[in-house]
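Good morning, colleagues. Please take a moment to look at the sequence and the structure before I begin.

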Amino acid sequence: MTHCELCETLLEKAFWKNRFFYAIDASTDEFPCFIRIVSVKHVAEMSELSESERLYLWRLLETLEEAMRKFLSPDKINYAQFGNFVPHLHWHMIARWRDDAYFPECPWGSKQRTFDPRTTQERRAHTKELLKALPALLDAVELPA
């Protein structure tokens with residue numbers, strides 16, 4: 001692959017980074033809390049990480065989920081990992097509510113309704129508070145031995 005958006009462009013937008021992973025805010029009006037956890041290594045699959053890196057990634061994802069639930073009280077958290085278009089390991093973590101534009105469909109499914117901009121603004125404000133807290137929470141996750 002000659003161009004990788006996750007290696008080149010999005011790394012600069014990280015709100016948190018260490019030597020293994022970084023996190024970016026990919027939120028939109030329709031998905032006011034959409035965070036990606038990305039491998040610093042340019043690998044396509046989980047199996048290309050060491051066992052300790054995989055365990056560490058799961059701990060980061062669990063920490064992120066717990067924080068999203070605490071700050072946002074969503075009805076559901078969606079985890080997604082594809083890499084079909086960009087074969088660089090990354091996870092999508094998306095807070096979902098029963099009244100969001102796509103629920104119960106996945107974020108890439110069929111739109112079910114229009115979203116309320118006022119509700120989205122409120123949820124985005126909570127997401128901004130979450131984003132302030134996340135670097136310390138993610139830094140506290142220990143890498144397995």
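I shall speak about one helix, the helix that packs with it, and a few individual residues.

Please keep in mind that this is a predicted model. Let us start with helix H3, which covers residues 117-139. Helix H3 has 23 residues and spans 33 Å from its first C-alpha to its last, close to the 33 Å expected at 1.5 Å a residue. At the N-terminal end of H3, Asp116 acts as a cap, with a side-chain oxygen 3.0 Å from the backbone nitrogen of Arg118. Further along, H3 bends by about 40 degrees at Ala133. A proline, Pro135, follows that residue within four residues.

Which residues of H3 are buried? They are Thr120, Arg123, Thr127, Leu130, Leu131, Leu134 and Leu138. These buried residues pack against three strands, namely E1 (16-17), E2 (21-25) and E3 (34-39), and against helix H2 (51-72).

That brings me to the pair formed by H2 and H3. Two packed helices are described by the angle between their axes and the distance between the axes. Here the axes of H2 and H3 come within 9 Å and cross at roughly 145 degrees. The crossing of H2 past H3 is right-handed. On the H2 side, the residues that meet H3 include Tyr56, Leu60, Leu64 and Phe71. On the H3 side, they include Arg123, His126, Leu130, Ala133 and Leu137. Ala133, where H3 bends, is thus among the residues that meet H2.

Let us now consider a single residue of helix H2, Leu61. Is Leu61 buried or exposed? Its relative accessible area is 0%, and under 20% counts as buried, so Leu61 is buried. Leaving aside neighbours within four places in sequence, Leu61 is in contact with Ile37, Tyr79, Trp91 and Met93. Leu61 and Ser39 are 22 residues apart in sequence, and their C-alpha atoms are 12 Å apart in space.

Two loop residues complete the survey. Ser73 is found in the loop between H2 and strand E4 (76-80). Its phi is near 50 degrees, a positive value in a residue other than glycine. Ser73 counts as exposed because its relative accessibility is 55%. Pro104, in turn, is found in the loop between strand E5 (90-96) and H3. A cis peptide bond joins Phe103 and Pro104, with omega at about 5 degrees.

Thank you for your attention.

Definitions and conventions: Residues numbered from 1 in each chain as written. Predicted model: local features only at pLDDT ≥ 70, side-chain atom pairs only at ≥ 80, totals over all residues. Heavy atoms only, no water. Expected span 1.5 Å × (residues − 1). Bend = angle between axes of the 7 residues up to and from the residue. Buried < 20%, exposed > 50% of the residue type's maximum accessible area, 1.4 Å probe, protein only. Contact = heavy atoms within 4.5 Å. Polar contact = N/O pair within 3.5 Å; in protein donor to acceptor, adjacent residues only side chain to side chain. Axes fitted to C-alpha atoms, helices over the stretch in contact; angles between N-to-C directions. Left-handed = near helix turned anticlockwise from the far one by under 90°.
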